[in-house]
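Trainee: I have a structure open and would like to talk it through with you. Could we go over it together?

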Amino acid sequence: MTPATKTHPLTRRERRARILLFAQFVPIFAVLVILFGGALVMAVLQSLGFAPWFGVNTFPTLDYFAALWGSATFWTSLGLTLYYATVSTFLALVLGTLLALALVKTFRGKTFYKYLYKLPLMIPYTVGIALAVIMLGNGGMLSRLAAFFGVIDDPGQFLQILKTHYGWGIIAVYIWKQTPFITLAVYAVLLGIGRETEEAAAILGAGRRTIFFRVTLPQILPGIVSSTLICFAFNIGAFEAPFILGGGFPDTLPVVAWRYFNDSDYTLQLRGMATVVSIGIVSGVILFAYLAVYRTFERRMGRN
Amino acid sequence: MTQVELSAVRKQFGGYVAIDEIDLDVASGELVALLGPSGCGKTTTLRMIAGLERPTAGEIRFDGKDVSEVPVQDRNVGMVFQRYALFPHMTVERNVAFGLSVRGLPKAEIEARLDEMLEVVQLQAFRTRFPAQLSGGQMQRVAIARTLITKPSVLMMDEPLANLDTALRGEMRRFIRALQQRFGITTIFVTHDQVEAMELADRVAVIFNGRLAQYDTPERIYRRPASLEVAHFMGAANIFPGRLVARDRIETDLGLLECTPLAGMDVGATVHAMLRGEALEMTTEPPPAGRQAIRGKIASRDFFGASVTYGVRCGSQQVTVTENARRMVDVGAEVWLDIAPEHVWLIRT
Ligand SMILES: Nc1ncnc2c1ncn2[C@@H]1O[C@H](COP(=O)(O)OP(=O)(O)OP(=O)(O)O)[C@@H](O)[C@H]1O
Ligand SMILES: [Mg+2]
């Protein structure tokens with residue numbers, strides 16, 4: 001450093017400001033490092049056989065993963081987990097995007113609909129699940145209505161929607177809750193890009209489908225990717241809906257983990273941890289791949 | 001090419017009247033400028049012609065046929081938007097080729113026409129760039145190329161030069177004029193810059209508050225405005241109220257002036273006389289007898305480089321005179337203004 005560029009020593013005020021700034025970060029760091037990071041490390045350690053408090057310490061061993069991954073039901077569970085998460089995210093995406101596209105148009109009562117569609121966002125999942133039981137269950141509203149109008153003879157004959165491995169109830173609850181969320185995200189992006197590029201495309205001769213796929217979709221992709229990422233990550237780890245509305249054994253992975261944790265044989269805790277870590281690995285790999293594909297696409301569109 | 005006709009077109013947004021009533025007739029291959037202050041309805045008029053907006057009342061005809069049932073996609077019009085509206089996620093070449101590719105033309109033909117068009121707008125070097133990597137003038141040319149490549153029968157441009165610097169603006173004006181003549185496209189051009197309108201257009205439509213105030217050649221709009229509003233908008237400085245004492249004599253505060261008679265105006269009518277600042281001949285010596293001249297004194301002088309504008313005090317009135325900056329007359333000098341009767345234009349009140 002040349003003498004000419006010698007910097008002033010910090011004044012007392014500047015030093016105080018620096019300490020203050022640091023102090024502001026402490027709570028966030030504490031939460032991130034101790035609660036989250038610490039828990040993550042503990043979970044991985046336990047899944048690798050480190051749990052002296054249960055009298056188990058075979059660290060490091062892959063036995064628990066081997067036992068878990070070696071059973072056919074694990075893969076069925078994983079399949080179910082991914083199936084519910086993917087189908088509901090995809091359907092919510094389609095519905096949410098259609099709704100957002102409708103909302104940018106002007107029509108009567110628009111303000112009302114703009115409030116209405118956000119309603120599920122404010123209602124907790126558990127309430128949504130209860131609504132699903134009331135509406136869709138055997139003996140629920142739909143089955144009674146069907147029986148009343150003579151479509152079926154008895155409510156018990158109603159189409160099995162809940163408690164099957166098709167998971168229509170689970171998917172319905174996810175869609176009900178997440179469609180507004182995706183709408184919100186896509187609508188904000190749509191407002192940002194405006195109508196002009198779509199109008200320009202129409203004047204250049206493009207039809208509605210072409211306009212959507214070649215002009216609108218590429219521009220709203222950031223909103224779609226971020227919102228579906230959040231929904232998918234949530235769906236893969238969600239517990240209540242598959243637990244209450246699911247088809248029972250084999251369960252989705254979060255429910256499987258929960259069963260291990262609640263088992264009277266507490267050594268199964270470690271297998272539970274292995275399950276949790278597996279969920280983390282699977283969702284991490286999928287989301288990372290998703291982002292990587294999206295990045296490639298972004299670069300092709302000249303964004304970096 | 002296509003002839004465009006608006007008859008009694010009206011546009012309301014809810015309760016707000018954007019276009020009151022407009023009749024406009026654009027001949028095939030003509031370049032018409034829509035000129036008017038901000039918010040007068042220029043963009044709305046273009047959007048109705050393009051089919052992006054439905055007129056509340058009235059009819060729009062292309063070559064005599066009502067187009068109200070023809071969707072935007074099938075009108076075969078072109079539009080250059082006020083803010084370009086380029087596709088941000090496509091390169092220059094994909095932007096320009098868009099109109100051809102949605103028509104499903106064969107690849108080879110698209111490629112050939114793309115090359116030709118990029119050559120015309122001199123964007124060959126930028127074909128793989130994205131809009132965000134272009135300057136304002138380059139984006140503008142992409143927008144024009146993207147529109148022209150589809151060979152529209154009616155071309156509309158919404159203040160395409162508003163965002164450019166003076167030099168580029170002049171260049172782009174000549175460029176647009178040359179292209180328009182080369183392709184012979186019926187063109188409607190929006191601007192709120194009167195110089196731009198006069199340089200480019202065959203005819204100028206002056207719009208105030210959603211009404212057509214005057215529709216004429218640039219020269220007539222400038223020299224022979226139909227109303228005080230148009231005269232003011234076209235930058236007229238010397239307008240004096242007066243009374244017609246004979247068909248070609250008007251009594252004003254400047255004195256009795258001989259003027260061009262205006263059809264349908266009776267002796268005794270109250271009118272305005274307009275004198276264009278550059279049509280006045282200013283001399284430092286009294287002009288020869290027989291000329292219509294008034295005496296005055298220079299009160300102010302503004303130098304604009306190529307031209308000089310003087311404020312000349314004539315009795316109780318001030319007259320603005322613009323002349324070439326070949327000479328400079330000092331403030332306070334005594335001068336005579338030679339006013340040719342053909343340059344005194346009457347405006348109805
Ligand atoms: N979609 C709309 N809803 C309501 N009012 C509108 C709408 N579009 C335009 N207007 C109004 O109509 C009037 C004319 O608008 P327009 O965009 O045609 O003006 P303009 O002549 O192009 O102005 P500028 O020179 O500023 O671009 C304005 O007062 C504007 O506020
Ligand atoms: Mg406008």
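Mentor: Happily; what follows is a set of questions and answers on this predicted model.

Trainee: Let's begin with the interior. Which residues have the most contacts inside the largest nonpolar core?

Mentor: That core has 44 residues. Several elements of chain B each supply at least two residues to this core, among them β3 (31-35), α2 (92-101), α5 (166-183) and β9 (203-208). The residues with the most contacts inside the core are Val96(B) and Val204(B).

Trainee: What does Val204(B) touch, beyond residues up to four places away in sequence?

Mentor: Its partners before it in the chain include Ala33(B), Leu35(B) and Ala197(B). The others are Gln214(B), Tyr215(B), Asp216(B), Pro218(B) and Ile221(B).

Trainee: How many residues are in the second, separate core?

Mentor: Residues from both chains belong to this core, including Ala200(A), Ala201(A), Cys40(B) and Met156(B). Its count is 41 residues.

Trainee: Now to chain A. Why do the buried residues of helix α7 in chain A lie on the same side of α7(A)?

Mentor: In this helix, residues 141-148, the buried ones include Ser143(A), Ala146(A) and Ala147(A). An α-helix has 3.6 residues a turn, so residues three or four places apart point the same way. The three buried residues are on the same side of α7(A) because they cover an arc around the axis of only 100 degrees.

Trainee: And which residue takes a positive phi just after α7(A)?

Mentor: Its phi is about 75 degrees, and it follows directly on the helix. The residue is Gly150(A).

Trainee: Is Glu198(A) buried or exposed?

Mentor: Glu198(A) sits in helix α9 (residues 196-203) of chain A. Leaving aside neighbours within four places in sequence, Glu198(A) is in contact with Ile211(A), Val215(A) and Thr216(A). The C-alpha atoms of Glu198(A) and Val215(A) are separated by 6.6 Å, although the two are 17 residues apart along the chain. Because its relative accessibility is 14%, and the cut-off is under 20%, Glu198(A) counts as buried.

Trainee: Back to chain B: how many bridges join β17(B) to strand β18 of chain B?

Mentor: β17(B) spans residues 307-314, and six of its eight residues are buried. It runs antiparallel to β18(B), residues 317-324, and Thr309(B) stands opposite Thr322(B) there. In their hairpin, with two residues between the strands, Gly315(B) has a positive phi near 65 degrees. The number of bridges joining β17(B) to β18(B) is eight.

Trainee: What is the bridge partner of Ile298(B) in β17(B)?

Mentor: Strand β16 (residues 293-303) of chain B is antiparallel to β17(B), and six bridges join them. Their hairpin has three residues between the strands, and Gly305(B) takes a positive phi near 90 degrees in it. The partner of Ile298(B) is Val312(B).

Trainee: Which three residues supply 67% of the area that domain 1 of chain A buries against domain 2 of chain A?

Mentor: The assignment gives domain 1 as 29-61 and domain 2 as 72-300, with 32 Å between their centres, taken over C-alpha atoms. Together these domains of chain A bury about 670 Å², 82% of it on carbon and sulfur atoms. Supplying more than any other three residues of domain 1 are Gln46(A), Ser47(A) and Phe54(A).

Trainee: Finally, how much area do chain A and chain B bury between them?

Mentor: The contact takes 20 residues from chain A and 25 residues from chain B. On the chain A side, Ile203(A), Leu204(A) and Arg214(A) supply 39% of the buried area, more than any other three residues. Carbon and sulfur atoms hold 64% of the total, which is about 1900 Å².

Note on methods:
Residues are numbered from 1 along each chain as its sequence is written. Chains are lettered from A and ligands numbered from 1 in the order in which they are written. This is a predicted model: local features need pLDDT of at least 70, side-chain atom pairs count only at pLDDT 80 or more; totals for chains, interfaces and linings use all residues. Side-chain values use heavy atoms; hydrogens and water are left out. A nonpolar core is a set of buried Ala, Val, Leu, Ile, Met, Phe, Trp, Tyr and Cys residues joined through side-chain atoms within 4.5 Å. Buried means under 20% relative accessible area, exposed over 50%, partly exposed in between (1.4 Å probe, protein chains only). Helices (H or I, at least four residues) and strands (E, at least two) are DSSP runs, numbered from the N terminus. Contact means heavy atoms within 4.5 Å. The arc is that of the directions from the helix axis to the C-beta atoms. Two strands pair if DSSP finds at least two bridges between them. Domain bounds come from an automatic or database domain assignment. Buried area is the accessible area (1.4 Å probe) that two parts lose on being put together, summed over both.
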